[in-house]
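Please open the model in your viewer and keep the sequence panel visible. The tour below proposes a series of selections and describes what is found at each of them.

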Amino acid sequence: MSTMTAQIEHALTLHGVTVCQAYRNALSALDDESYLPDSRLMLEVNRAMLARPVVAASRFRRHAAHEASGSRFIAFVAEKHAEGGLQRQLWKHAKDEARHSRIFTALAAWLAPGAARAPMEKPAGDDGAGDPSSFNGDIASFLVATHLAEIRNLALLGQYRSILAAAPGATNDRLRQVLDRVHADESHHVAYTAAHVSQQFEVSPRTSERFEWYVDSYVRDAWAEASIVCGNVACRSRS
Ligand SMILES: [Fe+2]
Ligand SMILES: [Fe+2]
């Protein structure tokens with residue numbers, strides 16, 4: 001597995017995005033093992049999850065819900081708070097996330113058709129979505145938060161791809177084929193948001209503080225997610 005910064009650098013090169021040194025300095029924190037989304041611990045959690053179709057299906061349904069709520073939020077910001085090039089990028093981004101939601105829903109149904117909810121899965125309809133109407137219009141914070149969410153997604157998809165590649169077979173090969181397409185979109189999302197965040201590093205001294213705050217926030221989310229997945233793996237291991 002490449003380091004997190006190597007994965008981001010690859011995305012930037014692929015999409016022709018250049019960034020400032022202050023942005024690069026901030027990224028270096030993501031190569032530490034304490035950055036849970038790309039850690040060895042999370043890799044093992046994801047490996048245990050992907051080996052159990054019902055547990056994987058449950059997690060994919062959660063991904064579907066998060067992708068859908070992300071799509072709604074981004075579309076809201078595009079419509080109400082953005083214009084010009086940024087607005088066009090956000091509209092495309094919102095469409096991509098809506099498509100990812102459909103992909104994860106279909107993968108969950110394919111992996112575990114007719115499966116009951118996993119033990120620690122919330123009832124359908126409760127997707128934990130942030131309410132777009134509560135958005136305060138702070139586009140700078142929104143872009144940093146979105147960028148770090150996309151980096152988290154790149155780490156997640158990167159781990160899924162490497163786990164599936166190491167255990168070839170009809171199901172894993174098919175899954176990897178589909179997830180490769182999602183990964184390619186996430187790579188683009190990381191790259192275009194990096195350009196905006198890099199610009200912020202050049203003009204606003206508050207960007208470092210924002211960046212660190214959202215890194216910590218997504219690490220906390222990853223611990224909560226790992227806890228749900230481990231709970232489902234434990235329940236499935238008993239049955
Ligand atoms: Fe996505
Ligand atoms: Fe994305």
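Is the crossing of H4 and H5 left-handed or right-handed? The crossing of these two helices, H4 and H5, is left-handed. Please bear in mind throughout that the model is predicted.

**First selection: H4 and H5**

Select residues 53-81 for helix H4 and residues 84-111 for helix H5. Their axes come within 7 Å and cross at roughly 160 degrees. Angles over 145 degrees count as roughly antiparallel, and H4 and H5 are therefore roughly antiparallel to each other. If the contact of H4 with H5 is coloured by residue class, 18 nonpolar, eight polar and three charged residues appear.

**Second selection: H6 and H7**

Next, select residues 139-166, which form helix H6, and residues 170-203, which form helix H7. The axes of H6 and H7 come within 8 Å, with a crossing angle of roughly 155 degrees. H6 and H7 are therefore also a roughly antiparallel pair. The handedness of the crossing of H6 and H7 is left-handed. In the contact of H6 with H7, the classes are represented by 15 nonpolar, eleven polar and five charged residues.

**Third selection: Glu150**

Remain on helix H6 and select Glu150, which has its place there. Is Glu150 buried or exposed? A residue is buried if 20 or more other C-beta atoms lie within 10 Å of its own; Glu150 has 25 such neighbours and so counts as buried. Now add Glu186 to the selection: Glu150 and Glu186 are 36 residues apart in sequence, yet their C-alpha atoms are 6.2 Å apart in space. Setting aside residues within four places in sequence, the contacts of Glu150 are with Glu186, His189, Val190 and Thr193.

**Fourth selection: H1 against H6**

Keep H6 displayed and add helix H1, residues 4-14. The axes of H1 and H6 come within 11 Å and cross at roughly 105 degrees. This angle makes H1 roughly perpendicular to H6. To show the contact itself, select Met4, Gln7, Ile8 and Ala11 on H1, together with Ile151, Leu154, Ala155 and Gly158 on H6. By class, six residues of this contact of H1 with H6 are nonpolar and two are polar, while none is charged.

**Fifth selection: Ala191**

Move to helix H7 and select Ala191. Because Ala191 has 22 C-beta neighbours inside 10 Å, this residue counts as buried. Which residues does Ala191 touch, not counting those up to four places away in sequence? They are Ala11, Leu12, Leu14, His15 and Val17. A distance label between the C-alpha atoms of Ala191 and Thr13 should read 8.5 Å, although 178 residues separate the two along the chain.

**Sixth selection: Leu43**

Select residues 40-50, helix H3, and within this helix Leu43. Leu43 has 17 C-beta neighbours inside 10 Å and therefore counts as partly exposed. Extend the selection to Leu27: the C-alpha atoms of Leu43 and Leu27 lie 20 Å apart, and the two residues are 16 apart in sequence.

**Seventh selection: Ser227**

Select Ser227, whose place is in helix H8. With 12 other C-beta atoms within 10 Å, Ser227 is exposed. Add Val45 to the view; from C-alpha to C-alpha, Ser227 and Val45 are 9.3 Å apart, whereas in sequence they are 182 residues apart.

**Final view: colouring by confidence**

To conclude, colour the protein by pLDDT. The average over the protein is 93, and 92% of the residues score at least 70. Which elements have the lowest and the highest mean pLDDT? The lowest belongs to helix H8 (residues 207-238), at 93, and the highest to helix H1, at 98. Finally, select residues 125-129, over which pLDDT stays under 50. For residues 125-129 the model has six contacts beyond four places in sequence.

Conventions
Residues are numbered from 1 along each chain as its sequence is written. Chains are lettered from A and ligands numbered from 1 in the order in which they are written. This is a predicted model: local features need pLDDT of at least 70, side-chain atom pairs count only at pLDDT 80 or more; totals for chains, interfaces and linings use all residues. Axes are lines fitted to C-alpha atoms, for helices over the stretch in contact, and angles run from 0 to 180 degrees between N-to-C directions. Helices (H or I, at least four residues) and strands (E, at least two) are DSSP runs, numbered from the N terminus. Angles under 35 degrees count as roughly parallel, over 145 as roughly antiparallel, 65 to 115 as roughly perpendicular and the rest as oblique. A crossing is left-handed if the near helix is turned anticlockwise from the far one by less than a right angle, and right-handed if clockwise. Ala, Val, Leu, Ile, Met, Phe, Trp, Tyr, Cys and Pro count as nonpolar, Asp, Glu, Lys and Arg as charged, and the others, Gly among them, as polar. pLDDT is the predictor's confidence in each residue, from 0 to 100. Two residues are in contact if their C-beta atoms, placed from the backbone, lie within 7 Å.
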